Amino acid sequence: TRTWYFGDGLTDTTENPAHTYAASGFYTVRLIAVNGNCADTIERQIHVIDEKGKIKAPGTAFCRGALTDFDIAGVNHDNIVNTIWDFGDGQTATVGGTAASHTYNANGVYMVSATMTDINGCPYYYQMPDSVHVYGPDARFNALGACLGSPVTFNDVSENDGIHPIVKWTWDYGDKIIQDFTAPPFLHTYSDTGYYSVKLTTTDNFGCTDSVKRGNYLLISKPYAGFVLSDSVICPGAEITLLDTSVGRNLQYAWDFGEGSQSTEQSPSFQYMKTGVYHPELHITDVNGCMDSTSRKLVVGNPDAKFTMSDSSSTCPPLQVNFANKSVNYKSFVWDFGDGSTSTLLSPSHLYTYPGIYPVSLILTGVGGCTDTLVKNVTIAGPTGVMRYDSLPYCFPSETQFLADTKGAVVFTWDFGDGNTI
């Protein structure tokens, strides 16, 4: 015979019995086997576990993005191997023991459940009696770039969770200035140009927050208009280039050449057909609509040669004459002194060593090839002449005949080169 003692006051005499314990605890199970006068006894201790826990949470309403702690209360944690959590948002977690933390990233209503396993391999399923509600605002904004010195309007397009209104807006403008507002409008003026990263943090009346940051989002600009002329004085009909040197982003160009013509090219070329003084203007507009303008002076005309001389006549050479160029509207010039000599100095000096009438010319050339020339005479009086003699070799001693062919000479002095003069 066999007799089973289950340790809870109940027995059984079948060979392989099944027994259900009514309470958890430690039980000593004894088996006594008898065969005639022979008997044997064996004992084993078993641990019956029946955990009656429930899910514990800090509440049923949480802010989106906040870390929330969950646990199983009312259980002997020494008896637990692990717990599989289902947070209801498609996310699960397996932890050793019972405690877990979770962050909800979307508003909504979620059912939280957990499957706990004890050291005997027995599973326990728990579900929160109430749903978890996740709240929080959705921060959004937009803004347009602006000109330096002009206020920027930040447009809040945030959404609340449908229950809790937004009560605070915190703006980080990216220029080390942070401001809190309780209502729009949201205006800010930047003190320097450049790209700025902007961050908005919204807070609702439940205490939930949300942030959005846009890197290098806002451009504050100030364009600078500038250009150079390929020449400042040109001939009528000559082509001139207006070279843009402006500074700005995505610039648009509007040229006014000062005689009724316009252009939208960046660096246009143009021909002025009439003489005059013009002031071509450049107007620029950048990506933010910020504008600037500048102008330059341009003379369109033919060269006008003018010069003065310190002396224009002398009774005899040598004569040094100082010339001063007083011309206008020219690109280059050259002096011709009338004796085969030239100069490109602005105001040269020239020495005349022989009597005569010398036509001094100042020749101007303008941009485009137009020219002008002014001629003035320098007159130097005094005797002139040539000496004639027979150049054949003579025997020593011999006599040579010299003849002087002169004009305006009164007194003659001969120097024969051998120390004799007359």
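# A walk through an all-strand chain

Of the 422 residues in this protein chain, 33% count as buried. Keep in mind as you look around that this is a predicted model. The secondary structure is quickly listed: the protein chain has 42 strands and zero helices.

Let's begin with the overall dimensions. The radius of gyration of the protein chain is 56 Å, whereas a compact globule of 422 residues would have one near 22 Å. Taken along the principal axes, the box filled by the C-alpha atoms is roughly 190 × 65 × 30 Å. Even so, many contacts span long stretches of sequence: among those between residues at least 6 apart, 53% join residues at least 24 apart. The protein chain exposes about 24600 Å², and carbon and sulfur atoms supply 50% of that area. As for charge, there are 24 positive and 43 negative side chains, with the centres of the two sets 4 Å apart.

Now zoom in on strand 35, which covers residues 319–325. Five of its seven residues are buried, so strand 35 is largely enclosed by the rest of the structure. Strand 35 has partners that you can trace. With strand 33 (residues 307–309), strand 35 pairs in the antiparallel sense over three bridges, and here phenylalanine 307 stands opposite asparagine 325. With strand 38 (residues 349–352), strand 35 also runs antiparallel, joined by four bridges; in this pairing leucine 319 stands opposite tyrosine 352.

The way into strand 35 is worth a look too. Proline 318 sits in the loop between strand 34 (313–314) and strand 35, and a cis peptide bond joins proline 317 to proline 318, with omega about -5°. A second case turns up elsewhere: the peptide bond from proline 184 to proline 185 is cis as well, with omega near 10°. Proline 185 is placed in the loop between strand 19 (178–181) and strand 20 (186–188). For context, most peptide bonds are trans, and most residues other than glycine have a negative phi.

That second point about phi brings us to two loop residues. Lysine 176, in the loop between strand 18 (166–172) and strand 19, has a positive phi near 70°. Its relative accessible area is 84%, and because the cut-off for exposed is over 50%, lysine 176 counts as exposed. Asparagine 250 has a positive phi near 50° and lies in the loop between strand 25 (239–244) and strand 26 (252–256). With a relative accessible area of 60%, asparagine 250 is exposed.

Next comes strand 36 (residues 332–336), where the side chains alternate. In a regular strand, side chains alternate between the two faces of the sheet. In strand 36, Phe333 and Trp335 point to one face and are buried, while Ser332, Val334 and Asp336 point to the other and are not. Strand 36 pairs with strand 39 (residues 356–365) in the antiparallel sense over five bridges, and aspartate 336 has serine 361 as its bridge partner there. Strand 36 is also joined to strand 37 (residues 342–343) by two bridges, again antiparallel. In that pairing, the bridge partner of tryptophan 335 is serine 343. The hairpin of strand 36 and strand 37 has five residues between the strands, and glycine 338 in this hairpin takes a positive phi near 85°.

Two further residues let you relate sequence to space. Aspartate 156 belongs to strand 17 (residues 152–156) and is partly exposed, at a relative accessible area of 25%. Aspartate 156 and proline 184 are 28 residues apart in sequence, while their C-alpha atoms are 8.1 Å apart in space. Leaving aside neighbours within four places in sequence, aspartate 156 is in contact with Arg140, Phe141, Trp169, Phe186 and Leu200.

Threonine 203, for its part, is found in strand 21 (residues 194–204). Its relative accessibility is 15%, so threonine 203 counts as buried. Beyond neighbours within four places in sequence, its contacts are Ile166, Val167, Lys168, Cys208 and Thr209. To finish, measure out the span from threonine 203 to lysine 326: the two are 123 residues apart along the chain, and their C-alpha atoms are separated by 78 Å.

Definitions and conventions: Residues numbered from 1 in each chain as written. Predicted model: local features only at pLDDT ≥ 70, side-chain atom pairs only at ≥ 80, totals over all residues. Heavy atoms only, no water. Rg over C-alpha atoms; globule rule 2.2 N^0.38 Å. Buried < 20%, exposed > 50% of the residue type's maximum accessible area, 1.4 Å probe, protein only. Contact = heavy atoms within 4.5 Å. Areas by Shrake-Rupley, 256 points an atom, 1.4 Å probe, with all protein chains shown as cover. Lys, Arg positive; Asp, Glu negative; His and termini not counted. Charge placed at Lys NZ, Arg CZ, Asp CG, Glu CD. Pairing = 2+ DSSP bridges.
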